[in-house]
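Morning, everyone. I have two topics today: cysteines, then a pocket. Please have a look at the structure first.

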Amino acid sequence: MSDVVHQKWWGWGVEGVAFNPDNKPGFAPFVRKVIGIDVTGPAGSPPSFDELDVPASRLPDELGATLRRLVGDHQVTTDDMDRVVHTYGKGLRDLVRVRAGDLPRVPDVIVYPANEDEVRAIVDAVVDADAVIIPFGGGSNISGSLTPEADEDRTVVSLDLGRLNRVLEIDSDAGLARVQAGGLGPDLEEQLTERGWTMGHQPDSFKHSTLGGWIATRSSGMQSDKYGDIAEIVRGMTVVLPGKVVTLRPLPSTSTGPSVREMILGSEGRLGVITEAWVHVHRLPENREVIAYLFPNWAAGIAAMRDISVSDATPSITRVSDANETAFSLATRKESKGLSSKVGEGLFELLRRRGWDLEKVCISYIGYEGGSAKVRADKSEVGRIVGKHGGIKLGKGPGAMYDQKKFDTPYLRDFLLDRGALGDVSETAAPWSRLGEVYVSTVRAAKKAYEEVGVQGFIMCHLSHSYHSGACLYFTFAFPPREDTPELEQYDVVKSAIQQSFIDHGGTLSHHHGVGTDHAPWMEQDISEAGVDLMVGLLSSADPGRNLNPGTLLPPEREW
């Protein structure tokens, strides 16, 4: 059995780690207020794996023997637990279905290659057998990119790249590192840090996602304002296709026709298996800190982020939460006593006297990295802009707390599911000129959807990444479904309303979570019918037999 560690089959992260509401006195009252459920009582127990009816593996003896010969007996498994772990990602739809034992099609076998040569041999063997191959990294995908098609009657092979987890070399003059695609975020950063470098890429899923997954879904990290999205970080790649390998050298720029590198970015396994990549790396910064600010309202916070984006300041993080998310953040604070509690109470009382509406305040986090002079200059310029828009500085304390808790949010999905509520996220990007419209329209669309479904729902948002022309808006929504209608039917009404609002008001269907199957219905509206034509031509040319992760990226009616 392979020693690759996986997340738990029914939820986010590893066993024994979960969202803990203890010592957060404001959390339970907040949840009761916004979605009407009591989270203080006993939660539902995690589902029992023994109660699942896992379909038997359909792995043919001949293909199984070939795979074992290629990688060794211990790196090929048809174990039911392993197969279920590789069936779904960690989106809301995935977790609802797997907890309910909804397993219409699971991979027939999991294979763990040790190197690129083994990946090449596996891909060739699987395609020669007219089977399906689905690349698997950390399993954190939340857009439906990992699940086999329900009606797939061919053998399904999940290719787990977890053993390809090393930083192979560093070109210190170029600031580039050659890294295997199966390494999880913490493992790769540890290897780089030991040599004095960082990639600087830290998505919410950092602890449970891989370089290959970041590339396959066009990931963004919390520090993308400084380090860039993964599309900017990745310069070269090696991608295994049936019978051949695409090798892209790590060039700083090139004029060689339509970009093959860009074609592979976001391809979700449909153009081959990414085995390694050359990525930008940077020397560890001399200084790093996150400072919290407070704005009187959402409009002021957005205007400040826009001004920062075109200023001489170059922060690593520019984030501002709307009033709802700010209230949520305050509700999840640990209980404070003594001086810190009194200082907080005194500050809010002072703001109230100044005329601030404390129901509208918006918290912001700005990150700074670099030498002392640069950090000092950036903080000065950002402070000027914050003040211009009526904001105030809260300081390093809240910023440090955000930095410590930044990877904890996904655990809330499990916490809510255990208590009968649904929680999920949707993100988009739009020009600065349309950002306000996208925000207002999406909140309105969600509220209308809640009314249509007949539930008490909540939606909150933050701006997470800033660009020259616009920014990303990241929405989180939750509601307790009615018992008289299937919960995913109710979820679809809300999720679809949010996604359609993005498209109708100038946004994209996804900023960094990818397309998968969940977002594919909006592809033609997002990139045009002719744009999908080009994508169909590309995918069908590379994979005429639909052996490479079929079903993702394209609307079902556009599959060949």
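**Cysteines and a pocket**

There are 0 disulfides in this structure. Keep in mind that this is a predicted model.

Why is C362 not bonded to C461? The closest cysteine sulfur to that of C362 is in C461, and the gap is 9.9 Å, so it is too far for a bond. For the pair to count as a disulfide, the sulfurs would have to be within 2.5 Å. Now, is C362 buried or exposed? C362 is buried, because its relative accessibility is 0%.

Next, C472. C472 takes part in no disulfide either. Its nearest cysteine sulfur also belongs to C461, at 8.2 Å. C472 counts as buried too, because its relative accessibility is 0%.

On to the pocket. How much space lies in the second largest pocket? About 700 Å³. The lining has 31 residues. Closest to the centre are R218, L265, G266, M523 and M535.

Which elements give two or more residues to that lining? There are four helices to point at on the screen: α7 (211-217), α10 (260-264), α19 (523-527) and α20 (529-542). Of these, α20 gives the most, with 5 residues.

What about the chemistry of the lining? For the second largest pocket, 15 lining residues are nonpolar, 11 are polar and 5 are charged.

To recap: 0 disulfides, C362 buried, C472 buried, and a second largest pocket of about 700 Å³. Thanks.

Note on methods. Residues are numbered from 1 along each chain as its sequence is written. This is a predicted model: local features need pLDDT of at least 70, side-chain atom pairs count only at pLDDT 80 or more; totals for chains, interfaces and linings use all residues. Side-chain values use heavy atoms; hydrogens and water are left out. On a 1 Å grid over the protein atoms alone, a cavity is a set of points where a 1.4 Å probe fits but cannot get out, and a pocket is an open set with protein on both sides within 12 Å along at least five of seven lines; lining residues have an atom within 4 Å of a point. Grid points are joined across faces, edges and corners, and a volume is the space filled by probe spheres set on the points. Ala, Val, Leu, Ile, Met, Phe, Trp, Tyr, Cys and Pro count as nonpolar, Asp, Glu, Lys and Arg as charged, and the others, Gly among them, as polar. Buried means under 20% relative accessible area, exposed over 50%, partly exposed in between (1.4 Å probe, protein chains only).
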